[in-house]
Every structure is written in structure tokens, then in C-alpha cells.
Amino acid sequence: MADPRFAPSPQPGVLQSRAYEPGLSADDLPAEVRREHRVVKLASNENPFGPSPRVREIGDRIYESLGLYPDPLGRRLREAIARRLGVPLEGIVLAGGSDLLFSWLAQTFLGRERAGVISTITFPTYRIVIHAAEAPLSLAPSRPEDDPRPFAHDPEALAERTAQGAGILFLDNPNNPVGCVLPRSTIARLLETVPPDVLVVVDEAYIDYVEDPDAATALPLLARHPNLVVTRTFSKIYGLAGARLGFGVMHPEAASLVNRIRLPFAVSAPALALGEVAWSDGEHYRRSREHVLGERPRLAAELTRRGWRVLPSATNFLTVRPPLPAARVCADLFRSGIIVRPLRGPGIDAYLRITIGTREENDLLLEACERLPLAAEEARS
Ligand SMILES: Cc1ncc(COP(=O)(O)O)c(C=O)c1O
């Protein structure tokens, strides 16, 4: 397949990296499935309610913003974030999605001699940005399946890796694809052990779904640890995954280093405007959060009753081991118009990740699960 006439060669990290495998979307479903079923997408942990309804009111503002370059510093949105979180403005960096921020952090603080440290079971984008920065990848084994905290980060293993020429430790808390959360006290202990020249990036994409986010967020640790970066996204509870917007809170010196390589117009004017509206709509935020906190135990109990193993979740998704092979279950649900995410990774292939949808979507999922053993029997016969 490779074209022998193509001569340019990539930097070596590119060859070690694998393209991100996106979750399936409605367009991937066969036409007859789309005709016969309502499509329920529970694969990418978006907010089933979408963005704040107030977003509809700023259509003209977005239209008018399009002809000019955006504010490269996103000052208004950063001010709003600084006010609410009680952090200094100079330490806030916006990006077109938090994954773009991971990439800028990797470009700034990694290199051939400075490894990126991650757990074996974690958000896959970290691997991509580490390879793209031509840095060695250092993997710390996640806890095993039979641990009281199945597949969770192992802070001691992570700390050990950072002792050996690391540049960044990326840690998602809560974790994706396993929805567990570490308390702030554990992150605090980890920060005491990691060498001060290693940047610790705590990715809090799902922090808003933790029962008690104040007890988990690493934000209060910023004052004591200049090497800490806390990232957040507008893609989950704020319902703006399509707009691409995220941010990091860090020491102003870290921010000024990132700003040297940050592409100035990487956050679009519509994304900035949408972010401002979403950030200010406390009602939509509360409604979205309460929905997940209510549906999460219901869905977990219903699936458990059907013989599924459901891992503890502090997020807007459940990581589950169905009583039938995961690939089969995925394919069966797919035929019912329901899209969930099969997982890949050491020991976790038997699991699926299911986003918590609207109540109606969750009921459709449960109904489809009810039919599963039957479908499995039919496939065997
Ligand atoms: C742990 C984690 N971090 C970050 C992101 C991506 O955030 P963004 O859409 O801001 O790039 C996700 C998205 O699934 C995630 O699961």
C-alpha cells in the first residue's frame, strides 16, 4: 500500500504512534439500522442535553465574530474562569480542546531525554502527544482487575517512573476509561514524591461528576506545587464537545513558557463566545450534574441485576463487564442502534464503556440488554 515514490520521512516518534481510533457515530450505522431504530450514541461521554440553551441566543454574536481573528488571549473567558476558580489570570491557558493543551505542554516540557509518564490504562491522547514530542513513553502499570480499586492509577508506580528522567506525568482524575477517582490527599502525596522538575498534569475532564468535587480537585495544591497543572474541558458537563475548548490552570511561569509555542488563534471566536455563555449558566450545569448523579446508580443497579460487572464510577460513564463477550455485546447493541465503546488495554478487553445518556436513552439501552442473551443464543444456533 505504501507508495515507494513518497520519500519524506517522519521523526521517529511518529512511527511509534498510532492514529486515534474514534468512537463510532450515527453515520457508521447501516442505513437499515438507522431506519428501524432510534440511534443512541453512548460512546464518547458527551452531555446528552447538549450545551446550555442560552447558546441559542448568541447566534448573531457568533455570526458577527467570524470575520475577524479571535482574541489570542481569550481574555474575557479567562477572567471569568479566574474569578470562579479563584486562581490568577496569568496562570490560565485556553486551548482548542484540552487535548491541544496536552500537546502544547508536551512540546514545551518533553523531549528525547525527557519521558512522558502515564498509567497503562488511561486517556489514549497522552500517548499521541508524547510520541509527537519525540519523547520516550514510560508506562506505570495500572492496578489489576482483582484489586479493590480495579484498573485504577497506582500512585507509587507512577512516582517511581518520574524518578527516572521524566518531563511530564499525565494523570486523569477521574480516570478514563475507568471512572474511578483518587482523593486529593493521594494526589498531594504523589506531588510530594515527584521530583520538582517534573510537570504533573492532572486532567480533571470529569471532575464535575464526582460526588464531592471539592474533595477531589487538585486546584488547592497549585499554591504549594509550582510543577502542577490542572486541566479542564468544556466538552463534558458544558456540552460543547463540538466547539473544541479546554483550559489549564498552572504556575504563571509554566503558562508563559507554553505561550511561547502556543499557536495564537487556536481557539476560535465562536468557541470563546460559547465558552463564556456555558461558563455562566449555573442552572444548566446543575441540571446536567444532577441528572448524571441520579442516573448513574440507577443504570449501575439495573446492569448489575442483569449480571454485568459495573466498576465504581465518579464520571458520566460506566465501565462494565457484560456476562457475554464484550465484542459480541457491542455488535448486538450496534444492531439495535446503540453505540457503546469497546475497550482495549491490558486486562480490560472484556469491558465496555457506556456514557450515561438521557433517561429515555438509558432505558433503550437496558431494553436492548434485556434482548442480548437471546441474540447471543440465536447467533450460536
Ligand atoms: C480524560 C479526558 N481528558 C480529556 C478529554 C478531552 O477533552 P477535550 O475535548 O477538551 O479535548 C477527554 C475526552 O474524552 C477525556 O476523557
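Domain bounds here come from an automatic or database domain assignment. Keep that in mind as you work through these exercises on a predicted model.

**Exercise 1. The two domains**

Find which domains the assignment gives, and how many residues of each are in contact with the other.

*Solution.*
- Step 1: Start with the bounds. Domain 1 is made of residues 21-50 + 283-380, and domain 2 covers residues 67-280.
- Step 2: Look at the spacing. Taken over C-alpha atoms, the centres of domain 1 and domain 2 are separated by 27 Å.
- Step 3: Look at the contacts between them. Here 28 residues of domain 1 meet 25 residues of domain 2.

**Exercise 2. The nonpolar cores**

Work out which helix gives the most to the largest nonpolar core, and which domains supply residues to that core.

*Solution.*
- Step 1: Find the core. The largest one holds 78 residues, and Leu228, Phe234, Leu303, Trp308, Val340 and Leu365 have the most contacts inside it.
- Step 2: Find the helix. Helix H11 (residues 269-280) gives the most to this core, with seven residues.
- Step 3: Check the domains. Both domain 1 and domain 2 supply at least three residues each to this core.
- Step 4: Now look beyond this core. Another core, of 24 residues, lies apart from it and includes Ala106, Leu110, Ile130 and Met250.
- Step 5: Connect this to a wider pattern. In soluble globular proteins, nonpolar side chains tend to be buried together.

**Exercise 3. Around the ligand**

List the closest residues to the ligand, then find how much of its accessible area the protein covers.

*Solution.*
- Step 1: Identify the surroundings. The ligand has 13 residues around it, and the closest are Ser98, Asn176, Asp203, Thr233 and Ser235.
- Step 2: Pick out polar atom pairs. A polar backbone atom of Ser98 is 2.6 Å from an oxygen atom of the ligand. For Asp203, a polar side-chain atom lies 2.5 Å from a nitrogen atom of the ligand. Lys236 also places a polar side-chain atom 2.8 Å from an oxygen atom of the ligand.
- Step 3: Turn to the cover. On its own the ligand has 400 Å² of accessible area, and the protein covers 93% of this.

**Exercise 4. Buried or exposed?**

Decide whether Thr231, Leu311 and Arg298 are buried or exposed.

*Solution.*
- Step 1: Recall the cut-off: buried means under 20% relative accessible area.
- Step 2: Take Thr231, which lies in strand S7 (residues 228-233). Its relative accessibility is 0%, so Thr231 counts as buried. Leaving aside neighbours within four places in sequence, its contacts include Leu101, Val201, Asp203 and Phe247.
- Step 3: Take Leu311, found in the loop between strand S9 (309-310) and strand S10 (317-321). At 3% relative accessibility, Leu311 is buried. Leu311 and Gly179 are 132 residues apart in sequence, yet 7.5 Å apart in space, C-alpha to C-alpha.
- Step 4: Take Arg298, in helix H12 (residues 282-305). Its value is 19%, so Arg298 counts as buried. Beyond neighbours within four places in sequence, Arg298 is in contact with Arg359, Asn362, Asp363 and Leu366.

**Exercise 5. Helix H6**

Name the buried residues of helix H6 and the elements that they pack against.

*Solution.*
- Step 1: Go along the helix, residues 125-132. Thr125, Tyr126, Val129, Ile130 and His131 are buried.
- Step 2: See what these buried residues of H6 meet. They pack against helices H1 (12-16) and H5 (98-109), and against strands S3 (115-119), S4 (137-140), S5 (166-172) and S6 (199-203).
- Step 3: Finish just past the helix. There, Glu134 takes a positive phi of about 60°.

Terms used. Residues numbered from 1 in each chain as written. Predicted model: local features only at pLDDT ≥ 70, side-chain atom pairs only at ≥ 80, totals over all residues. Heavy atoms only, no water. Core = buried A, V, L, I, M, F, W, Y, C linked by side-chain atoms within 4.5 Å. Buried < 20%, exposed > 50% of the residue type's maximum accessible area, 1.4 Å probe, protein only. Helix = DSSP H or I, 4+ residues; strand = E, 2+ residues; numbered from the N terminus. Near = heavy atom within 4 Å. Polar contact = N/O pair within 3.5 Å; in protein donor to acceptor, adjacent residues only side chain to side chain. Areas by Shrake-Rupley, 256 points an atom, 1.4 Å probe, with all protein chains shown as cover. Contact = heavy atoms within 4.5 Å.
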